[in-house]
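Hi everyone, thanks for making time this morning. I'd like to walk you through one structure, so let's put it up on the screen.

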Amino acid sequence: MIDSAKSMPIIGLGAIRHKRYGVQEQDYDFAGDLAISAAPTVVRRCYPASLADSRMSPVIPFNLPPESGREIDLIRDAIARHQISGGGYYTKACESWLETALQAPRALLTHSCTGALEMAALLAELAPGDEVIMPSFTFVSTANAVALRRAVPVFVDIRPDTLNIDERLIESAIGPRTRAILVVHYAGVCAEMDVVCEIAERYGLMVIEDAAHALMSEYRGRLAGTLGEFACFSFHETKNVVSGEGGALIVNRRNLVERAEIIRDKGTNRARFMQGLVDKYSWVSLGSSYVPSEIVAAFLRAQLDAIERFTSDRLQTWNYYHAAFADIEKRGHARRPHVPDHTRHNGHLYYLVLPTPEIRNQLIETLRQENVHAIFHYVPLHSSEGGRRYGRTSGMLPVTDQVSACLVRLPLWYGMGEKRARVADRVLGQLAALSP
Ligand SMILES: Cc1ncc(COP(=O)(O)O)c(C=O)c1O
């Protein structure tokens, strides 16, 4: 079971300099005439009142995107630089933030985690009929990226404790066409990477991390995103740091960096041209347009600065829920998330697994009537229309089916404050009424 000591340390709100990640807060070189306070603790609100007002609403939404307070300033600066297409100052600033924080050879900003997953599938050179082992309990993009290459997602069950791929089932899913294992670090808790990587090495397979939830989570002291050949992060508005839509591909093998840049740049060697290494650029291999605009990158850069503040606040809510629901777990009315001792999570999401689908659905409905928006999560891929058409299943997947039908995610966002207590009260009240 988790306790607060196993999750990330809680850092005072003023301490938003990235000691832990080795990156500095104020490393901008402003082109325009926009002055931004150099004091790390000064956060200027520059949003319309309506957004601030939504935090006062009686409805507790499932998600509210976090604001660092500096996004608009950085977007203005991006505009003042007169290059708002991708690959400019802020794209590079975000990429170097990620490379420093993760100590990764190369981070490439993308328009989404979906895009990063598609890039990973291209980089892995998946061919028609090749197979990639993955959990069925994941977002459609994990499998879709593979199916787009006409390769086959092979679905295996998840562990009942962490809801990550059950590493004990991977070996029996391996066949002559298996090329890669694609793990998901669900809820920011890392999959059992030692076992996954050992199997991959023994069978000559690639490891790809779908780290959409897991920015700054750790496995045995190593950061998520550095554990496989490639990793994919999401900056969708529900994540810990956001840019509306957004993502990043981490390339952990230096010899694949150039190919990754080509894939992101429509299959061209434009990156080498920009570095002055070739005198013109042209189409060299398959690729697409995966780079976000500078507007998006500027927004993200402001968010990355606030990652410790956002994360510590999310962890406070996570820890609050976890303590509040300890008793209902003891009484068998719900299962709480499990965080193994050798992992550290980032407070990305809080869920409960209820005893039956009926109780789960009833809980979501009654919470909604009380203005608390709780939601379910993934619909299993193996039994979906696309999953049956493009994938195959290895063995039975009873845990996936049960968890998917019984899991509820509770509101968890930066700045929830006392609203977390209201959510916990309502959940406890409803479960007392619903549980046998
Ligand atoms: C595990 C997982 N992978 C990939 C994605 C896709 O992320 P994005 O919306 O950035 O494309 C999601 C979305 O939340 C996800 O949960």
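Before we look at any sheet, one term: two strands count as paired if DSSP finds at least two bridges between them. Please also keep in mind that this is a predicted model.

With that term in hand, let's begin at strand β5, residues 206-210, which is joined to β8 by three bridges, the two running parallel. Within that pairing, glutamate 209 sits opposite alanine 231 of β8. On to β9, residues 247-251: here β8 makes five bridges, and this time the strands run antiparallel. One bridge you can look up is phenylalanine 230 with its partner in β9, valine 251.

So how buried is β8 itself? Five of the five residues in this strand, residues 230-234, are buried, so β8 is largely enclosed by the rest of the structure. As a reminder, side chains in a regular strand alternate between the two faces of the sheet. In β8, Phe230, Cys232 and Ser234 point one way, while Ala231 and Phe233 point the other way.

Now let's zoom out to the sheet. What is the order of its strands? Eight strands form an open sheet, and reading across you get β1-β9-β8-β5-β4-β2-β3-β12, with mixed pairing. The edges are β1 (106-110) and β12 (392-393), each of which pairs on one side only. Elsewhere in the sheet, β2 (residues 131-135) and β3 (residues 152-156) pair in the parallel sense over five bridges. There, methionine 134 has phenylalanine 155 of β3 as its bridge partner.

Next, the helices that lie across this sheet. Helix α3, residues 89-102, lies across β1 and β9 and runs at about 135° to β1. Alanine 101 belongs to α3, and it counts as buried because it has 20 C-beta neighbours inside 10 Å. Alanine 101 and leucine 215 are 114 residues apart in sequence, yet their C-alpha atoms are 10.0 Å apart in space. Helix α4 lies across β1, β5, β8 and β9, at about 165° to β8.

That brings me to the helix pair. Packed helices are described by the angle between their axes and the distance between the axes. For α4 (residues 113-123) and α5 (residues 140-147), the angle is about 35° and the axes are 8 Å apart. The crossing of α4 past α5 is right-handed. Which residues make the contact? From α4 we have Cys113, Thr114, Leu117, Glu118, Ala120 and Ala121, and from α5 Ser141, Thr142, Ala145 and Val146. By class, that contact has six nonpolar residues, three polar and one charged.

For those of you who think about binding sites, here is the ligand. Both α4 and α5 supply at least two residues each to the shell around the ligand. There are 13 residues around the ligand, and those that come nearest are Ser112, Cys113, Thr114, Phe139 and Ser234. Two of those names have come up already: Cys113 and Thr114 take part in the α4 contact with α5. By class, the shell has four nonpolar residues, eight polar and one charged.

Finally, the chain as a whole. It has 15 helices and 13 strands, and 49% of its 436 residues are buried. Among contacts with a separation of 6 or more, 71% are between residues 24 or more positions apart. That's my tour, and I'm happy to rotate the view for anyone who would like another look.

Terms used
Residues numbered from 1 in each chain as written. Predicted model: local features only at pLDDT ≥ 70, side-chain atom pairs only at ≥ 80, totals over all residues. Axes fitted to C-alpha atoms, helices over the stretch in contact; angles between N-to-C directions. Helix = DSSP H or I, 4+ residues; strand = E, 2+ residues; numbered from the N terminus. Left-handed = near helix turned anticlockwise from the far one by under 90°. Contact = placed C-beta atoms within 7 Å. Nonpolar A, V, L, I, M, F, W, Y, C, P; charged D, E, K, R; others polar. Near = placed C-beta within 6 Å. Buried ≥ 20, exposed ≤ 12 C-beta atoms within 10 Å, placed from the backbone.
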